[in-house]
Amino acid sequence: MEENKKTLYSAVQPTNNLTIGNYIGAITNFVQLQEEYNCVYAIANMHAITVRQNPAELRQRTLALLALYIACGVDPEKCILYLQSHVPCHAELAWVLNTFTYVGEMERMTQFKDKSARHADNINMGLMDYPVLMAADILLYQADYVPVGEDQRQHLEITRDIATRFNNAYSPTFTVPQGIFRKVGAKINDLQEPTKKMSKSGENPNGAIFLSDDKDTIMRKFKRAITDSDGEIRYDPVSKPGVSNLLSIYSVFSGKSIDEAVLEFQGKGYGEFKLAVGETVASKLMPIQAEQAKLLANKDYLNQVLISGAQRANAIARKTLSKVYKKIGFYQV
Ligand code: TYM
């Protein structure tokens, strides 16, 4: 890690198929910010098991996510790229932080409430404790910044609260991190229900564009995207959520601003607009998919990335944990 650079931390769960929401809200930022910061990016498989996973699938998705990170442009030479379960300090610090977190705080978390409703037969302790593990992830690396989508804002706030509480109880130990949210695309919405977040686990598969979708599927889903009846292409998320969501997607994938995009489609019909969005997204995703497949065929290389990532991550994490153990009075030899 370079001394003069600030540290950036983020993670993605290897659950279901990733959507363009994950890509826009998180991964594009990971790539953009890797030059400027010391970056640490994890595959959050410990978070993933808070919802029941098929073991073989989880293993396969872990490598697929690693390959995807790299295919999208995350450079394992520049960043620390690792698997969360390869660094035992995460579970260890989470345990300590549990004693600095109140049950009431966790019960109020929006995502906990949502997931409890969706998985009513499995409201396990891990699901409730999820934000504390996330706090441990971030605080172990003394991250200054955390690039995430809008849906993680509350988890980041609780991380800041826990860090401040610990620092105040002892002495400054953790860097209190700040979130980095995209101006455009921090919350990409479902194509069928454009006031709801596009999610990996949404009920309607036509509502989400998965990063693994082929071109025909992408085009079909965009063609069917819900818009409105006034026929005008302008950015107004409140009264025109569908069109505005498509404009956000187009803006990020084309590299144009929202204003430029609006100008480009002035006077054009929704049909033409949706086709252009689909084409733009597909032309970006196709090469990423090809690169991901190539990487997945080279398991030795991927394993090597994980081994090197775990070594580097462990060294940093262990240092922070040792500091924490000292402060709280754990006898160390
Ligand atoms: P996860 O795996 O659900 O999502 C990964 C990232 O994608 C963002 N995201 C979106 N952004 C814009 N629009 C959307 N529709 C959309 N859907 C998802 C998420 O905000 C996230 O940034 N708890 C995290 C993983 C995690 C983590 C961490 C993140 C574990 N430890 C430490 C940061 C720091 C999660 O479930 O992300």
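**Around the ligand and Thr62**

Guide: Welcome! In this predicted model, a polar side-chain atom of Tyr130 lies 2.5 Å from an oxygen atom of the ligand.

Visitor: What makes that pair of Tyr130 and the ligand a polar contact?

Guide: A polar contact is a pair of N or O atoms within 3.5 Å. The Tyr130 atom is polar and sits 2.5 Å from a ligand oxygen, so the pair qualifies.

Visitor: Which ligand atoms do polar side-chain atoms of Gln13 and Gln152 approach?

Guide: For Gln13, the partner is an oxygen atom of the ligand, at 2.7 Å. For Gln152, the partner is a nitrogen atom, at 3.2 Å. Taken alone, the ligand exposes 710 Å², and the protein buries 97% of that.

Visitor: Which residues come nearest to the ligand?

Guide: There are 27 residues around the ligand, and Gln13, Tyr130, Asp137, Asp151 and Ile188 come nearest. By class, the shell has 13 nonpolar, nine polar and five charged residues. Strand E1 (7-12), helix H1 (20-33) and helix H7 (125-140) each supply at least two residues of this shell.

Visitor: Now to another residue. Why is Thr62 called buried?

Guide: Buried means under 20% relative accessible area. Thr62 has 8% relative accessibility, so Thr62 counts as buried.

Visitor: Where is Thr62 found, and what is Thr62 in contact with?

Guide: Thr62 belongs to helix H3, which covers residues 55-72. Leaving aside neighbours within four places in sequence, Thr62 is in contact with Pro14, Ile43 and Leu83.

Conventions. Residues are numbered from 1 along each chain as its sequence is written. This is a predicted model: local features need pLDDT of at least 70, side-chain atom pairs count only at pLDDT 80 or more; totals for chains, interfaces and linings use all residues. Side-chain values use heavy atoms; hydrogens and water are left out. Helices (H or I, at least four residues) and strands (E, at least two) are DSSP runs, numbered from the N terminus. Buried means under 20% relative accessible area, exposed over 50%, partly exposed in between (1.4 Å probe, protein chains only). Contact means heavy atoms within 4.5 Å. A residue is near a molecule or strand if one of its heavy atoms lies within 4 Å of it. A polar contact is a pair of N or O atoms within 3.5 Å; within protein, one must be able to donate a hydrogen and the other to accept it, and residues adjacent in sequence count only if both atoms are side-chain atoms. Accessible areas come from the Shrake-Rupley method with a 1.4 Å probe; for residues, only the protein chains shown count as cover. Ala, Val, Leu, Ile, Met, Phe, Trp, Tyr, Cys and Pro count as nonpolar, Asp, Glu, Lys and Arg as charged, and the others, Gly among them, as polar.
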